[in-house]
Amino acid sequence: MEWQPLGWLAVALYAAAEGVSIVALVRRGRGYAAPVLIGAGLLLQFVFLEHTARALHSVPYRTFGGSMTLFGWMLGVSYLALLFRHRERAIGPFLVPFVVVFSAAGLLIPMQGTAPASETHGALFALHVTFAMLGYAAFTFSFV
C-alpha cells in the first residue's frame, strides 16, 4: 500500500514518545513532548487507517492487520484521553509500548481483504465492533 509509510512514521513517533516518557519518569520531569508526539502519531495513523478503509472499500478492521492497527490507535486515543482528563503521565512508559507493538504488528501483517460476509455490513455492525475494540483497550489499561 502506498500509504504504509504513514503508519510507520506514526510508529516512529510513538517510539519517540516512549523514549520521552521514560526519560521524564526517570528524571521526574514533566515530559510535555510525549503527548504531542502521541497526538501527531495518532493523526498520521488515522490518515493511514482512512486510506486503508478506502482501499478495502470497507472498515479497516475487516483484516487482521487492520484490526491490530486500529487497536493500537484506540489505545493511543485512550491514553491521551486519560492524560488530558487526569494529568496522569506515569502510565505512559508502560502503555505506549503496547501502542507501538500493536501498531507495528498491524503494519507487518498483509492487508489482503476478502469479500465481506453479508452479516458484516451496516453501521450497527461497525459500531458494535468499534465499541468492542474500545472495551479491549480498556482491559489493556486495567492490565497496565
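Which residues form a nonpolar patch on the surface? They are L25, F94, F143 and V144, and together they have about 410 Å² of accessible area. Keep in mind as you look around that this is a predicted model.

Let's start from one member of that patch. F143 sits in helix α5, which runs over residues 123–143. Its relative accessibility is 64%, so F143 counts as exposed, the cut-off for that being over 50%.

Now follow α5 itself. The helix has 21 residues and reaches 30 Å from its first C-alpha to its last, close to the 30 Å expected at 1.5 Å a residue. Some of its residues are tucked away: A126, V129, M133, A137, T140 and F141 are buried. They cover an arc of only 140° around the axis, which means they sit on the same side of α5. It helps to recall that an α-helix has 3.6 residues a turn, so residues three or four places apart point the same way. Turn to the face of α5 that points away from the buried side, and you'll find the exposed residues L124, H128, F131, F139 and S142.

What do the buried residues of α5 pack against? Their partners are α3 (64–86) and α4 (92–108). T140, in helix α5, makes a handy close-up. With a relative accessible area of 12%, T140 is buried, because anything under 20% counts that way. Leave out residues up to four places away in sequence, and T140 touches F71, L75, L95 and F98.

While you're here, take a look at α3. This helix has 23 residues, and from its first C-alpha to its last it reaches 33 Å, close to the 33 Å expected at 1.5 Å a residue. Just after α3 comes R87, which takes a positive phi of about 55°.

Next stop is helix α2, residues 33–56. Q45 is found in this helix, and its relative accessible area is 2%, so Q45 is buried. Which residues is Q45 in contact with, leaving aside its neighbours within four places in sequence? The answer is A10, Y14, T69, W73 and S103.

α2 also holds a charged pair. Side chains of opposite charge can pair when their charged atoms come close. Here, the side chains of R54 and E50 meet in a salt bridge, at 3.1 Å from N to O. The count of salt bridges comes to one. Why are R54 and E50 separated by about one helical turn? It's because they are four residues apart in α2. As for how open they are, R54 has 55% relative accessibility and so counts as exposed, while E50, at 32%, counts as partly exposed.

From E50, you can hop over to helix α1 (residues 4–26), where P5 lies. At 55% relative accessibility, P5 counts as exposed. P5 and E50 are 45 residues apart in sequence, and 14 Å apart in space, C-alpha to C-alpha.

To retrace the walk: we set out from a nonpolar surface patch that includes F143, followed α5 to the helices its buried residues pack against, and then stopped in α2 for buried Q45 and the salt bridge between R54 and E50.

Technical notes: Residues are numbered from 1 along each chain as its sequence is written. This is a predicted model: local features need pLDDT of at least 70, side-chain atom pairs count only at pLDDT 80 or more; totals for chains, interfaces and linings use all residues. Side-chain values use heavy atoms; hydrogens and water are left out. Patches are made of residues with over 30% relative accessible area and no salt bridge: like charges are joined within 9 Å, nonpolar side chains (Val, Leu, Ile, Met, Phe, Trp, Tyr) within 5 Å. Accessible areas come from the Shrake-Rupley method with a 1.4 Å probe; for residues, only the protein chains shown count as cover. A salt bridge is a side-chain nitrogen of Lys or Arg within 4 Å of a carboxyl oxygen of Asp or Glu. Helices (H or I, at least four residues) and strands (E, at least two) are DSSP runs, numbered from the N terminus. Buried means under 20% relative accessible area, exposed over 50%, partly exposed in between (1.4 Å probe, protein chains only). The expected span of a helix is 1.5 Å times one less than its number of residues. The arc is that of the directions from the helix axis to the C-beta atoms. Contact means heavy atoms within 4.5 Å.
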